Amino acid sequence: LIHATFGNRRMVSLEIDDSVLTRQRINRPHSAVKLAQKSTGQFAECYSPTKTPIIVWFDYSTTDWKQQVSECCELLTKLPPASIFKVTLSGSRKKYASLEVMARELSRTFEDYGPFSAQDVHSNNICETLYRRVFRRAIAEAVPDTAQHCVRSLASYCYNDGTPIVTITMIVGSIDQVEEIIRLADLRKWFFADI
């Protein structure tokens with residue numbers, strides 16, 4: 001749907017696991033999807049901007065939030081206008097002994113955005129905390145608005161299939177271009193719109 005709506009022609013799918021990459025080759029949904037065997041960090045670091053908009057989805061399954069947010073910020077400074085960037089962050093607490101430990105770790109990792117409490121990292125709230133208190137703030141600091149370059153959220157949603165997950169979809173470009181795309185596509189009426 002994003003491809004059809006925005007007309008983007010270049011898409012990149014990253015995977016570090018050989019077996020998953022093989023499966024992706026077989027199940028590729030569109031011929032414009034380029035498969036790359038590299039990490040999201042390698043992709044963000046090595047990405048060279050072009051004039052052609054792209055769609056990138058960083059689908060994280062771990063809770064290395066500091067690195068993940070940093071990679072997202074780095075890439076968002078480089079994406080060409082009208083590119084779509086989607087990120088999925090995991091709110092898993094598997095590696096933490098308790099909510100209090102998880103809250104302390106999040107407060108230490110993002111000390112400028114905290115402090116965070118056990119309630120902030122509870123499965124009912126972790127997605128909101130990651131999105132509103134951490135991710136949006138980090139993006140605003142790393143990619144401040146200028147007339148020529150801004151980042152806008154298009155949609156966001158949370159779900160919990162045993163692990164709390166938040167997914168955010170953004171668009172980059174000049175303020176005028178982004179507003180025009182949102183208006184022409186009538187995106188404010190999307191069910192998961194976060195504009």
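Where in the chain does Ala82 lie? In this predicted model, Ala82 is found in the loop between H4 and S4, and the legends below start from the whole chain and return to that residue in a later view.

**Figure 1. Overview of the protein chain, with its eight helices and six strands.** Along the sequence, the elements of the predicted model follow one another in the pattern α-β-α-β-α-β-α-β-α-α-α-β-β-α. The C-alpha atoms occupy a box of roughly 45 × 40 × 30 Å along the principal axes, and the radius of gyration of 17 Å agrees with the value near 16 Å for a compact globule of 195 residues. Of these 195 residues, 47% count as buried. When contacts between residues at least 6 apart in sequence are considered, 61% of them join residues at least 24 apart.

**Figure 2. Strand S4 and the two strands that pair with it, S3 and S6.** Strand S4 spans residues 84-90, and seven of its seven residues are buried. Both of its faces are covered, with Ile84, Lys86, Thr88 and Ser90 on one side and Phe85, Val87 and Leu89 on the other. Strand S3, residues 54-59, pairs with S4 in the parallel sense over five bridges, and within this pairing Val56 has Phe85 as its bridge partner. Between S3 and S4 the chain passes through helix H4, residues 65-76, in a β-α-β crossover that is right-handed. Strand S6, residues 164-173, is joined to S4 by seven bridges and runs antiparallel to it; here Ser90 stands opposite Ile165.

**Figure 3. The largest nonpolar core, a set of 43 residues, and the surroundings of Phe58.** Phe58, Phe85, Val87 and Phe135 are the residues with the most contacts inside this core. Two or more residues each come from strand S1 (10-14), helix H3 (40-46), S3, H4, S4, helix H5 (99-109), helix H7 (126-142) and S6, and H7 gives the most, with eight residues. Once neighbours within four places in sequence are left aside, Phe58 is in contact with Leu14, Thr40, Phe43, Glu71, Cys72, Leu75, Phe85, Lys86, Val87 and Thr88. A second core, separate from this one, has 12 residues and includes Val33, Ala82, Ile182 and Leu187.

**Figure 4. Gln68, a buried residue in helix H4.** The relative accessible area of Gln68 is 2%, so this residue counts as buried under the 20% limit. Not counting residues up to four places away in sequence, Gln68 touches Tyr60, Thr62, Thr63 and Leu89. Although Gln68 and Thr40 are 28 residues apart along the chain, their C-alpha atoms are separated by 8.2 Å.

**Figure 5. Ala82, in the loop between H4 and S4.** The phi angle of Ala82 is near 75°, which is a positive value in a residue other than glycine. With a relative accessibility of 13%, Ala82 counts as buried, and it is one of the residues of the second nonpolar core.

**Figure 6. Helix H5, with its buried residues and its exposed ones.** Leu99, Met102, Ala103, Leu106, Ser107 and Thr109 are buried in this helix. Viewed down the helix axis, the buried residues fall within an arc of 165°, so they line one face of H5. An α-helix has 3.6 residues a turn, so residues three or four places apart point the same way. The buried residues of H5 pack against H4, H6 and H7, whereas Arg104 and Arg108, on the other side of the helix, are exposed. In the loop between H5 and helix H6 (118-121) lies Pro115, which is joined to Gly114 by a cis peptide bond with omega about 5°.

**Figure 7. Helix H8, residues 175-184, and the residue Asp186 that comes after it.** Val178, Ile181 and Ile182 are the buried residues named for this helix. These buried residues fall within an arc of 95° when seen down the axis of H8, so they line one face of the helix. Asp176, Arg183 and Leu184 are exposed on the other side of H8. Asp186, which follows H8, has a positive phi near 55°, and Ile182 of the helix is included in the second nonpolar core together with Val33, Ala82 and Leu187.

Technical notes:
Residues numbered from 1 in each chain as written. Predicted model: local features only at pLDDT ≥ 70, side-chain atom pairs only at ≥ 80, totals over all residues. Heavy atoms only, no water. Buried < 20%, exposed > 50% of the residue type's maximum accessible area, 1.4 Å probe, protein only. Helix = DSSP H or I, 4+ residues; strand = E, 2+ residues; numbered from the N terminus. Pairing = 2+ DSSP bridges. Right-handed = clockwise from strand over helix to strand, strands pointing away. Core = buried A, V, L, I, M, F, W, Y, C linked by side-chain atoms within 4.5 Å. Contact = heavy atoms within 4.5 Å. Arc of directions from axis to C-beta. Rg over C-alpha atoms; globule rule 2.2 N^0.38 Å.
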